[in-house]
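Please examine the model shown below together with its sequence. The paragraphs that follow lead through its overall make-up, its helix packing and its charged pairs.

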Amino acid sequence: MGLGMLERFEGRVNELESVVRELAIDITTGTVVDRIPLERVWEETGERVTIVRELIKELREYLTILKPEQVPTIQRRVSSIFERLDIFKESLTDEAADEGTAKASIDELRKALEEIAEFTSLCREIREAPSEIIQTILELRENQQTDRSPMTPAKMMR
């Protein structure tokens, strides 16, 4: 687990930010909204939205390990993001979708991206300050895997 876990976690956060940035650029520059027909919007964004969902699921697992006392907050945020992404997908893959529906669905995606930005901030906060007991466990594991001197009795008392 140890540092390797924190590095993987950090890598996933960076990956999520990168995919979200691409989606945000497509939306704000109008590439997705204005230049392609409604039925192709999901084709253009679907794969990245799926990647975003998978990364968030994985990050949720890391967050629940690093900060178990915040599980309800984490779960609420993830559920809200997933709900918006689902509305986005459903409104675009629905046969009865029209221009108005498309604009509304793009708004849902926009809001989801804003919430994801807040979620990545939360990830970084928790990465920097995991629960004290978890931090201690990570340090113990790290010491086992390196040649560092074991934890001092003073540190153990913490």
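Of the 158 residues of the protein, 40% count as buried, where buried means under 20% relative accessible area, exposed means over 50%, and partly exposed lies in between, computed with a 1.4 Å probe on protein chains only. This is a predicted model, in which local features need pLDDT of at least 70 and side-chain atom pairs count only at pLDDT 80 or more, while totals for chains, interfaces and linings use all residues. Residues are numbered from 1 along each chain as its sequence is written, and side-chain values use heavy atoms, with hydrogens and water left out.

The secondary structure comes to six helices and zero strands, and the pattern along the sequence is α-α-α-α-α-α. Helices (H or I, at least four residues) and strands (E, at least two) are DSSP runs, numbered from the N terminus. Contact means heavy atoms within 4.5 Å. Among contacts between residues at least 6 apart in sequence, 76% join residues at least 24 apart.

The packing of helix 2 and helix 3 may be considered next. Two packed helices are described by the angle between their axes and the distance between the axes. The axes of helix 2 and helix 3 come within 10 Å and cross at roughly 165°; axes here are lines fitted to C-alpha atoms, for helices over the stretch in contact, with angles running from 0 to 180 degrees between N-to-C directions. Helix 2 and helix 3 are therefore roughly antiparallel to each other, since angles over 145 degrees count as roughly antiparallel, those under 35 as roughly parallel, those from 65 to 115 as roughly perpendicular and the rest as oblique. The residues making this contact include Leu-38, Trp-42, Val-49, Ile-56 and Leu-63 of helix 2, and Val-71, Val-78, Phe-82, Leu-85 and Leu-92 of helix 3.

Two spatial approaches can be read along this part of the chain. Glu-43 lies in helix 2 and, at 57% relative accessibility, counts as exposed. Glu-43 and Thr-93 are 50 residues apart in sequence, yet their C-alpha atoms are 9.7 Å apart in space. Asp-94 lies in the loop between helix 3 and helix 4 and is partly exposed, with a relative accessible area of 45%. The C-alpha atoms of Asp-94 and Glu-39 are 9.3 Å apart, with their positions 55 residues apart in sequence.

The loop between helix 2 (38-66) and helix 3 (71-93) holds Lys-67. Which side chain of opposite charge is nearest to Lys-67? It is that of Glu-69, 4.0 Å away, and Lys-67 is buried yet has no salt bridge. Lys and Arg count as positive and Asp and Glu as negative, whereas His and the chain ends are not counted; a salt bridge is a side-chain nitrogen of Lys or Arg within 4 Å of a carboxyl oxygen of Asp or Glu. Leaving aside its neighbours within four places in sequence, Lys-67 is in contact with Ile-74, Ile-126, Ala-129, Pro-130 and Ser-131.

Elsewhere, the structure holds 13 salt bridges. One of them joins the side chains of Arg-12 and Glu-58, at 3.0 Å from N to O. This pair links distant parts of the chain, with Arg-12 in helix 1 (residues 2-28) and Glu-58 in helix 2, 46 residues apart. Arg-12 is partly exposed, with a relative accessible area of 28%, and Glu-58 is partly exposed, with 27%.

Glu-22 forms a salt bridge with Arg-48, the closest N and O atoms being 3.7 Å apart. Glu-22 lies in helix 1 and Arg-48 in helix 2, so the pair ties together parts that are 26 residues apart in sequence. Glu-22 is partly exposed at 39% relative accessible area, whereas Arg-48 counts as buried at 14%.

A further salt bridge is formed by Glu-115 and Arg-84, with the closest N and O atoms 2.6 Å apart. Glu-115 belongs to helix 4 (residues 99-128) and Arg-84 to helix 3, 31 residues apart. Glu-115 is buried, with a relative accessible area of 18%, while Arg-84 counts as partly exposed at 22%. In addition, Glu-10, Glu-17, Arg-124 and Arg-127 are linked in a network of salt bridges.

Finally, Met-5 lies in helix 1 and counts as buried at 3% relative accessibility. Leaving aside its neighbours within four places in sequence, Met-5 is in contact with Tyr-62, Ile-65 and Leu-66. The C-alpha atoms of Met-5 and Tyr-62, 57 residues apart along the chain, are separated by 8.3 Å.
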